[in-house]
Amino acid sequence: MAVAARVAASDLPIARILPMLPLPHLDREFDYLVSEELSGDAQPGVRVRVRFAGRLVDGFLLARLAESEHSGKLGWLDRVVSAEQVLTPEIAELAAAVADRYAGTRADVLRLAIPARHARVEAEVPPAVESSDDPAVDRAAWSAYTHGSNFLDALASGRFPRAVWQALPGEQWPIRLAEAVAVTVAGGRSAVVVVPDQRDLDRLETACTALLGGDRVVALSAGLGPAKRYRQWLRCLRSGPIVVVGTRSAVFAPVSTLGMIAIWDDGDDSFAEPRSPYPHAREVALLRAHVSGAAIVIGGHSRTAEAEALVDSGWAHDLVASREMIRARQPHVVALADSDHALARDPAARVARLPAIAFEAARAALKADTPVLVQVPRSGYVPSLACAKCRNSARCRRCNGPLALPSAADGDGAGSPTCSWCGIADAAHRCTVCGSRNLRAVVIGAGRTAEELGRAFPAVPVHNSGGAAVLDAVRPGAALVVSTVGAEPTVEGGYGAALLLDGWALLGRADLRAAEETLRRWMTAAAMVRPGSAGGRVVVVAESEIPTVQALVRWDPLWHARSQLDERVEVRFPPAVHVAAIDGTTDAITALVDSADLPESVEILGPVDLPDGQRAPAGSGEDALSGEVQRLLIRVPRSTGAALARALATAQASRSAKKLGAGVRVQIDPIRIG
């Protein structure tokens, strides 16, 4: 049977296609002929299939043209997968900007930005959206911040303010953000708010829905599942002015007329994308605000050096309360080192591994019928052990993994230490340095802490939050809530006291961001405590002379962020400079660097061996590196950061074209340098 010859479309017969190919040297558009039959559906933004190098591949149609600059023979557009125009011009421009910023490809960025298609969901009839009046927004709470009212006025009038917001202790931040997005939507524009995790998303969605109604609020997160997530994503695409709240990938939500984008708690590690090209949601939000001409607000109880750099440069403005307001709202904070002398003051405090002042703060809060939050660095029972004599880390004799007491065994040695890697118990462990058989706890986990507190306060209920069992909220009333960092449940009316234990374990991490991350964790927990005027107390078990501890005691995260930024400037690490981390074998790294046309101001550090835990980002098996993996750092001034990214992208494309691109991974400004 003869096949009818295809006829090119009479109007704009050329389709410019971006194939979704993983190879860097193929990150460019290709022209294809559009048949008259497909012309109606082949519109900019649709998913298509084209034949490339003898096989069918997916792609996005970027534009329709009257003629092609290609002088050779053009292939035909094979088919239009769906007539839904899922790639909007704004997201296409943003994807290109993100790819340029992170030395990646547009195809990789678009895989992060646009979820997989579900034909059944696409065919569903969209639910009818009832028009509703714009809500009356009470702006009184924003007036507590200097220029807070002016910020809302700018949003309402269609201007695009850029602010770094320092939330007050005890602030109902989901409600404040809901008020800001309500003002934006009332002006006929959309808003996108990105939060770290599902718990924060649930709180924010509840606040926005209460103010705007469910029809105007769309929640996006990976936990929805493929079909429901795509349904929600299509709501963003098809609706008018709308509010999108979500986790990391929601920063790419395809809304119409973006008016404001906000990110809460930008220091959280979950904002760093573990898949190529490894963008950070905060940086994507900044790029989108620039590309779309939208307002942006970066909020949190503490402040990152990156956010402080935006204020320091004048690109963004401070949105903070007066010192008088902060003092009126903050709890009373006391720092005390965890010493044997302090523990000896009270026998019950010794049983509970608490300094006497912390024990007294907990007892006073419980007597006032208010809950007490106890924050510990890690979950488990005794998650880390060391030699009691020489303090050398206790390691497994079989696999060299860390030994721990993962269950409720007696910490003095009645239980057998077990390897955290291979799971084999080692009852006869002997220190490889001094030969001692005695072990001590390096860090006491949440399980052991809860057990000790239960003995010290036998009539008080104890709740655990952390690991696989994270509590969203606890009821008011006398109770002890033992939580790992980041898993603190909320309580109506606030906690009566918070005990922040083992501060040295957080501050002592070998990480450039250890101090910043520690203060963020502490302030998040302390912000849940009642004001000092209402009896709220926070006891942090750490040396009071440490600057991070002083920042908590004075409740001055701006000073701490400023000092952190000054330190980064001095040691020349982000955000003071741009850094590219290149991971791979020695030969692959050398070949890539030698082939790159790097800026003159470049400084090369390393290479050094890469820890096993950083060989592959979580959830991205295609990026795993094997063999003797090393890391090389390339450092340049901020003014040449774009040139560095272009040079590395060009070098990767050249190596890819020669089939030499495997075995190397490039990350721009990774959150973990070492």
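User: Two strands count as paired if DSSP finds at least two bridges between them. Over how many bridges do strand 3 and strand 4 pair?

Analyst: Quick ground rules: this is a predicted model, where local features need pLDDT of at least 70, side-chain atom pairs count only at pLDDT 80 or more, and totals for chains, interfaces and linings use all residues. Residues are numbered from 1 along each chain as its sequence is written, and side-chain values use heavy atoms, with hydrogens and water left out. Helices (H or I, at least four residues) and strands (E, at least two) are DSSP runs, numbered from the N terminus. Arg 51 stands opposite Leu 56 in strand 4, and strand 3 (residues 47-52) pairs with strand 4 (residues 55-65) in the antiparallel sense, with a bridge count of six.

User: What's the strand order in the open sheet of five strands?

Analyst: The pairing in this sheet is antiparallel. At its edges sit strand 2 (30-33) and strand 5 (77-82), each pairing on one side only. From one strand to the next, the twist averages 45°, where axes are lines fitted to C-alpha atoms (for helices over the stretch in contact) and angles run from 0 to 180 degrees between N-to-C directions. Reading across, the order is 2-1-4-3-5.

User: And in the open sheet of four strands, which strands stand at the edges?

Analyst: The order here is 26-27-25-28, again with antiparallel pairing. Each edge strand has a single partner, so one side of it is left without a neighbour in the sheet. The twist averages 20° from strand to strand. The edge strands are strand 26 (603-609) and strand 28 (664-668).

User: Which residue is the bridge partner of Ile 582 in strand 27?

Analyst: Strand 25 (577-584) and strand 27 (residues 630-637) run antiparallel and are joined by eight bridges. Across that pairing, the residue opposite Ile 582 is Leu 632.

User: At about what angle does helix 20 run to strand 27?

Analyst: Contact here means heavy atoms within 4.5 Å. Helix 20 (residues 641-657) lies across strand 25, strand 27 and strand 28. Its angle to strand 27 is about 140°.

User: How many residues are in the largest nonpolar core?

Analyst: A nonpolar core is a set of buried Ala, Val, Leu, Ile, Met, Phe, Trp, Tyr and Cys residues joined through side-chain atoms within 4.5 Å; buried means under 20% relative accessible area, exposed over 50%, and partly exposed in between (1.4 Å probe, protein chains only). Phe 252, Ile 582, Ile 634 and Leu 648 have the most contacts inside this core. A second, separate core of 64 residues includes Val 217, Ala 321, Val 333 and Leu 506. As for the largest one, its residue count is 73.

User: Where do the aromatics come in: how many aromatic pairs are there?

Analyst: Rings of Phe, Tyr and Trp (its six-membered ring) pair if their centres lie within 6.5 Å; planes under 30 degrees apart count as stacked, over 60 as edge-to-face and the rest as tilted. By that rule, the number of aromatic pairs is nine.

User: What kind of pair do Trp 142 and Phe 151 make?

Analyst: Trp 142 is buried at 0% relative accessibility, and Phe 151 is buried too, at 5%. Their ring centres are 5.8 Å apart and their planes meet at 40°, so the pair is tilted.

User: How far apart, centre to centre, are Tyr 145 and Trp 165?

Analyst: Tyr 145 is in the loop between helix 3 (119-123) and helix 4 (148-156), while Trp 165 is in strand 6 (residues 162-166), 20 residues apart. Both are buried, Tyr 145 at 2% and Trp 165 at 1%. Their planes are 80° apart, an edge-to-face pair, and the centre-to-centre distance is 5.9 Å.

User: Which ring does the charged end of Arg 635 sit over?

Analyst: A charge sits over a ring if NZ of Lys or CZ of Arg is within 6 Å of the ring centre and within 35 degrees of the ring normal. Arg 162 lies over the face of Trp 315, at 4.4 Å from the ring centre. For Arg 635, at 5.3 Å from the centre, the ring belongs to Phe 573.

User: Last one, on backbone oddities: is Trp 555, with phi near 50°, buried or exposed?

Analyst: That phi is a positive value in a residue other than glycine. Trp 555 is placed in the loop between helix 17 (547-554) and helix 18. With a relative accessible area of 2%, Trp 555 is buried.
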